[in-house]
Structures are given as structure tokens and as C-alpha cells.
Amino acid sequence: WVIIFAWGNLMFAKKAKRLSYEAADVRSKFVGHISDTLSNMMNVRFFSGKPTEMSRLEKVLQKYLQADQKRDWFFLKIFTFQGISFLIYES
């Protein structure tokens, strides 16, 4: 049981690490976009760029949400595997 549990967690850990880095990268781009927009708010207003900025923000937000959800679903799979493994071990 220990070998299967450890092997499964090692395999999951590699993918979890990659998904976490991807989600963090997308999140930093999202926060950077918000920061740029807020710091240049007067320019956006002067040049009537609100619709453009809203559209860009929405696209970045969707990428962020997709990456975050993908990571969260994968962690749910890990926790399910661990829970089932413990149930098997207990019985």
C-alpha cells in the first residue's frame, strides 16, 4: 500500500507543480494588467479606452479563471486518490 500511495503522490506532485506554476503565471499577468490599467486610468479616460480595457481585462480574467479551475480540479483528484487510498488501508 505504501509503495502505491507514495508512487501515486509523486506522479501527482509533478503535474500539480506544473499546474501551480501556470496558474501563478497567469495570475501575475492578471494583477499586472489591473495595475497598469489603474495607474493609467486618466489616459484610458482621456482616449475613451474603457471598452478596450474592459475587453482586455475580461480575456485575461478568463485565462486566469481557467488556469485556476484546472489546478483546483487536479487537486480534487489528488485528494480523492488519497482519501480512497486511506479507506483501502483502513479496511
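## A residue to start from

Arg-71 sits in helix α3. With a relative accessible area of 15%, Arg-71 is buried. Keep in mind as you look around that this is a predicted model.

Who are the neighbours of Arg-71? Leaving aside residues up to four places away in sequence, Arg-71 touches Leu-19, Ser-20, Ala-23 and Arg-27. One of these, Ala-23, has its own set of contacts: with the same kind of sequence neighbours set aside, up to four places away, Ala-23 touches Ala-67, Asp-68 and Arg-71.

## How the two helices pack

Let us step back to the helices themselves. Two packed helices are described by the angle between their axes and by the distance between those axes. Here, helix α1 covers residues 2–39 and helix α3 covers residues 50–90. The two pack at an angle of about 160°, and their axes are 9 Å apart. Because angles over 145 degrees count as roughly antiparallel, α1 is roughly antiparallel to α3.

The crossing of α1 past α3 is left-handed. What kinds of residues make up the contact of α1 with α3? They divide into 19 nonpolar, seven polar and nine charged residues.

## The largest nonpolar core

Which residues form the largest nonpolar core? There are six in all: Ala-23, Val-26, Phe-30, Val-60, Tyr-64 and Ala-67. The elements that give two or more residues to this core are α1 and α3.

You have already met two of these names together, since Ala-23 touches Ala-67. Ala-23 also links back to the starting point of this tour, as Arg-71 is among its contacts.

## Two exposed lysines

Now for some residues on the outside. Lys-29 has its place in helix α1, and its relative accessible area of 54% means that Lys-29 is exposed. Along the chain, Lys-29 and Val-60 are 31 residues apart, while their C-alpha atoms are separated by 7.6 Å. Val-60 is one of the residues of the largest nonpolar core.

Is Lys-59 buried or exposed? Lys-59 lies in helix α3, and at 57% relative accessibility Lys-59 counts as exposed. Lys-59 is 29 residues from Phe-30 in sequence, and 9.5 Å from Phe-30 in space, C-alpha to C-alpha. Phe-30, too, belongs to the largest nonpolar core.

## Two partly exposed threonines

Thr-37 lies in helix α1 and counts as partly exposed, at 22% relative accessibility. Buried means under 20%, so Thr-37, at 22%, is partly exposed. How far apart are Thr-37 and Glu-53? In sequence they are 16 residues apart, and in space 7.4 Å, C-alpha to C-alpha.

Thr-52 is found in helix α3. At 42% relative accessibility, Thr-52 counts as partly exposed. Try finding Lys-14 as well: Thr-52 and Lys-14 are 38 residues apart along the chain, and their C-alpha atoms are separated by 38 Å.

Notes: Residues numbered from 1 in each chain as written. Predicted model: local features only at pLDDT ≥ 70, side-chain atom pairs only at ≥ 80, totals over all residues. Heavy atoms only, no water. Axes fitted to C-alpha atoms, helices over the stretch in contact; angles between N-to-C directions. Helix = DSSP H or I, 4+ residues; strand = E, 2+ residues; numbered from the N terminus. Parallel < 35°, antiparallel > 145°, perpendicular 65-115°, else oblique. Left-handed = near helix turned anticlockwise from the far one by under 90°. Nonpolar A, V, L, I, M, F, W, Y, C, P; charged D, E, K, R; others polar. Core = buried A, V, L, I, M, F, W, Y, C linked by side-chain atoms within 4.5 Å. Buried < 20%, exposed > 50% of the residue type's maximum accessible area, 1.4 Å probe, protein only. Contact = heavy atoms within 4.5 Å.
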